[in-house]
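Trainee: Could we go through this structure together? I would like to start with a helix end and then move inward.

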Amino acid sequence: MILTCTGLYLLRNQLVNLLNLNDTNENICTNDDSIQSEILSTNNNTLTEQTPIAIRDFSSQYGSNRSDSYVVSNICSHAEIYPLYGDSTHALVFRTYGPWWINMPSYKETIKNFIRWENNFTSRDFIDIEYKDFVYECISLNIYETYNPGTLEVVYVGKEDEYGNVTWHRIWSFPQPFSIILCDNEEIFIENGRQTIDDLFPDHINTDSIVPSLRLNTDNRQKSKFHTHHTNPPAARLPRIVKIPLKDKFTFPTRLIRLEFDHSTANYYSEIDTVILSGKISPTNSIVIEDTQHIPSSTTIIQENESDEKNYSANLTKLPFDILFIICSYLDLRSLVRLSSTCHLLHRQCLDSLQFQSLNLQPYWNGITNYSIENFFRYHCIQTRYLSLAWTKSIQCSSFNQLLNICSNNLVQLNLACCQYLTGQYIKIIVNYCPNIEVLNLENCFSLNNLDFIPLKYLNHIRILNVYRTKIDYRTLLPFIDNNKKYLENINLGSCQNLNDPIGILKLLFARCSNLRSIDLWRTCGLTQNGFLSVIGLPFDIGEEKRRILNLSKDEQEELALIYSSVNMPIEINTIMHIKYLSEVDLGWTDPPPGFIKSFVQQIGHSLIKLFLTACRRVNNEDILAVSEHCLQLRQLDLLGSSIIVETSIESILTRCLYLEFLDLSFCDKISNETLSIWICQYKNCFKRSYSPMMNDDIYTEFT
């Protein structure tokens with residue numbers, strides 16, 4: 001029995017270390033079982049506060065790559081907004097917020113096949129921050145939240161080796177204790193992470209009048225549809241500093257911080273001014289000596305495993321195979337691996353290839369290594385159909401090749417979001433090994449150049465393509481659309497600013513893809529007024545279209561002419577009424593001309609449930625009236641910055657679009673606050689309205 005238990009213990013250790021899924025790799029303690037470090041240095045006890053000097057990686061941003069507004073690099077400075085509170089272009093802002101994006105059909109379609117429950121992972125965005133100097137004794141991390149606070153989910157610190165390789169260690173996660181510093185320098189300790197009215201308001205404030213305003217824009221029905229640790233938004237809309245304690249949390253010098261956020265319950269875009277790292281700077285002549293990790297005694301191990309073996313043998317192992325298989329399918333990956341090490345029967349059951357048909361490795365992004373792929377996953381993924389490697393770091397091409405070679409023809413979904421190690425060779429591997437792939441996510445893979453994407457044009461079963469914030473261009477997209485025109489349903493071209501021929505791409509989409517269900521053109525560059533008119537059958541200037549192509553280089557003109565010929569590019573489109581299923585459209589920051597939206601919804605408005613016209617300042621009242629008449633199924637409408645739209649037009653939307661659940665009227669100058677207050681009481685919608693940064697003399701006056 002002792003030999004059996006010892007063998008099981010060794011097997012468990014091998015699996016846990018192989019997959020890098022053990023808790024100690026993510027949570028570093030300073031007790032007896034932690035890594036002990038001794039720092040020998042010259043005397044330097046000065047406490048220093050550092051601002052970020054660079055952003056190494058991030059998942060999304062509201063702003064454009066060619067702008068300084070709403071971009072992640074805005075935190076690389078001292079506090080510029082705090083203690084003001086409001087919507088500022090100088091803040092870090094992520095792309096989405098709240099439950100509205102993740103409850104749309106296009107998003108649900110991308111996650112429905114990842115059925116294994118990973119309830120500990122709820123992060124939706126991240127940012128990797130670099131500071132100038134190594135800090136060897138960290139005191140705290142201060143996040144300056146200046147709009148819709150309360151979305152921080154996890155904090156990691158990075159440990160660099162002599163070659164610059166980074167391992168990330170989780171040192172805080174919500175709802176572990178933290179502090180809130182208000183703009184009057186009052187520091188409030190939040191012990192369980194869950195804020196209440198009493199946490200932020202003194203006794204003299206009447207909280208009865210506060211509660212309705214706090215819940216004004218919170219859609220609890222929407223929030224009930226997904227899992228989150230942030231079950232309630234923060235108790236006040238106040239500027240604040242979130243202070244994460246770092247003292248004694250880790251024992252190595254660091255200059256890298258990673259923040260992950262869950263903004264799925266935020267009422268509006270969360271904005272961050274800066275992130276200050278406080279601690280003692282590591283001297284240049286410091287030496288770090290690491291001891292080996294303390295290992296528990298073998299006696300304790302044997303006793304623990306012997307008890308577990310008896311427990312399992314008396315219960316789980318006597319269940320029928322199919323029942324036990326279903327039970328195992330409800331475990332997250334970490335629990336599945338742990339259970340596999342308890343006995344031989346459960347080892348076979350847990351590591352059966354059928355358990356890996358759906359494999360979401362995003363929650364374990366910092367533990368997925370070349371070694372784990374080559375020595376574990378490639379032996380168990382022979383039946384994998386749905387695979388996510390999103391957010392993973394530095395997977396070598398040889399390991400990637402082995403994994404996809406095993407998955408091969410079975411693979412129909414692949415998520416590689418934010419994988420900056422990708423090159424053109426990886427794209428070739430995908431195309432060569434996975435010809436049946438239907439769902440491909442390459443969002444924010446900004447390291448790929450435009451030519452790296454070209455092999456994608458040979459895929460011909462794609463239903464969903466996400467290339468948000470990449471350098472993909474017409475060389476790939478035009479033949480790709482033509483090859484996948486029968487199947488393509490959802491396409492995200494948001495923030496793609498190197499398309500070079502966005503009009504041709506949009507024209508081919510609308511002319512050929514009759515099954516199109518969602519299209520995201522957020523901040524897509526190069527969409528001209530004439531081009532907009534040409535894609536929906538309105539009169540346009542053919543001469544201007546020719547001049548647009550002549551503005552390209554000679555080589556690009558010749559290449560484009562060949563591609564146009566090969567895909568039989570239509571000269572003009574008479575109608576788009578053949579697109580019967582289009583339900584989600586995001587035209588944010590593309591500014592279509594007056595009349596475009598009217599004609600657009602007259603043709604396909606019957607199926608629309610989402611229409612985002614963010615900062616489309618030429619959209620007029622006739623367009624909005626047409627929306628109210630033809631988009632009766634509409635659930636989400638964003639009109640931010642529409643300064644010419646009047647209240648009667650919005651009233652028609654509210655009275656006719658009975659399913660409307662989201663309406664953004666931020667910076668709509670002709671919509672008064674008084675009228676909005678009446679609508680809030682009269683209708684059951686979630687109204688959104690941001691405002692410029694402001695400061696009150698009394699931080700509680702907003703609620704009195």
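Mentor: Let us begin with N620, which caps the N-terminal end of α19 through a side-chain oxygen 3.2 Å from the backbone nitrogen of E622. Please keep in mind that this is a predicted model.

Trainee: Which residues of α19 are buried?

Mentor: The buried residues of α19 are D623, I624, A626, V627 and S628.

Trainee: And what do those buried residues pack against?

Mentor: They pack against α18, β22 and α20, the last of these spanning 647–656.

Trainee: Let us stay with α18, then. How many of its residues are buried?

Mentor: Helix α18 covers residues 596–604, and 7 of its 9 residues are buried, so the helix is largely enclosed by the rest of the structure. The buried ones are F596, I597, S599, F600, V601, Q603 and I604.

Trainee: What covers them?

Mentor: The cover over the buried residues of α18 includes α14, α15 (529–534), β21 (584–586), β22 (610–612) and α19 (621–630).

Trainee: Moving to the largest nonpolar core: which residues touch the most other members?

Mentor: That core has 117 residues, and F510 and F600 touch the most other members. Helix α14, residues 502–512, supplies the largest share of the core, with 6 residues.

Trainee: What does F510 touch, sequence neighbours aside?

Mentor: Not counting residues up to four places away in sequence, F510 touches L516, I519, V535, I536, I573, I576, H578, I579 and F600. There is also a second, separate core of 34 residues, which includes I143, I188, V242 and L246.

Trainee: Is there a general reason why such side chains gather?

Mentor: In soluble globular proteins, nonpolar side chains tend to be buried together.

Trainee: Where is there a nonpolar patch on the surface?

Mentor: L319, I323 and I327 form one, with about 210 Å² of accessible area together. I327 belongs to helix α7, residues 321–329, and counts as partly exposed at 36% relative accessibility.

Trainee: New topic, salt bridges. How many are there in the whole structure?

Mentor: A search of the whole structure finds 29. One of them joins the side chains of E130 and R255, at 3.3 Å from N to O. E130 lies in strand β5 (residues 125–147) and R255 in strand β11, so this pair ties together parts that are 125 residues apart in sequence.

Trainee: Are those two partners buried or exposed?

Mentor: E130 is buried, with a relative accessible area of 13%, and R255 also counts as buried, at 18% relative accessibility.

Trainee: Which residues are linked in a network of salt bridges?

Mentor: E109, K112, E438, R463, E489 and R517 are linked in this way. Within the network, the side chains of R463 and E489 meet at 3.4 Å, N to O. R463 is in the loop between β17 (439–441) and β18 (464–466), and E489 is in the loop between α13 (474–483) and β19 (490–492), so the pair ties together parts that are 26 residues apart in sequence.

Trainee: What about E109 and K112?

Mentor: Their side chains form a salt bridge of 3.1 Å, N to O. E109 counts as buried at 19% relative accessibility, whereas K112 counts as partly exposed at 48%.

Trainee: Which residues does S518 contact beyond its sequence neighbours?

Mentor: Leaving aside neighbours within four places in sequence, S518 is in contact with S106, E489, N490, I491, L582 and E584. A polar contact of 3.1 Å joins the side chains of S518 and N490. S518 lies in strand β20, residues 518–520, and is buried, with a relative accessible area of 8%.

Trainee: And E556, what does its side chain meet in a polar contact?

Mentor: The partner is the side chain of N500, at 3.4 Å. E556 is in helix α17, residues 554–567, and counts as buried at 18% relative accessibility.

Trainee: One last residue: where does Y269 lie?

Mentor: Y269 is in the loop between β11 (254–261) and β12 (271–281). This tyrosine is buried, with a relative accessible area of 5%. Its C-alpha atom is separated by 5.6 Å from that of Y97, 172 residues apart along the chain. Residues up to four places away in sequence aside, Y269 touches several others, including Y62, W101, Y147 and N148.

Conventions. Residues are numbered from 1 along each chain as its sequence is written. This is a predicted model: local features need pLDDT of at least 70, side-chain atom pairs count only at pLDDT 80 or more; totals for chains, interfaces and linings use all residues. Side-chain values use heavy atoms; hydrogens and water are left out. A nonpolar core is a set of buried Ala, Val, Leu, Ile, Met, Phe, Trp, Tyr and Cys residues joined through side-chain atoms within 4.5 Å. Buried means under 20% relative accessible area, exposed over 50%, partly exposed in between (1.4 Å probe, protein chains only). Helices (H or I, at least four residues) and strands (E, at least two) are DSSP runs, numbered from the N terminus. Contact means heavy atoms within 4.5 Å. A polar contact is a pair of N or O atoms within 3.5 Å; within protein, one must be able to donate a hydrogen and the other to accept it, and residues adjacent in sequence count only if both atoms are side-chain atoms. Patches are made of residues with over 30% relative accessible area and no salt bridge: like charges are joined within 9 Å, nonpolar side chains (Val, Leu, Ile, Met, Phe, Trp, Tyr) within 5 Å. Accessible areas come from the Shrake-Rupley method with a 1.4 Å probe; for residues, only the protein chains shown count as cover. A salt bridge is a side-chain nitrogen of Lys or Arg within 4 Å of a carboxyl oxygen of Asp or Glu.
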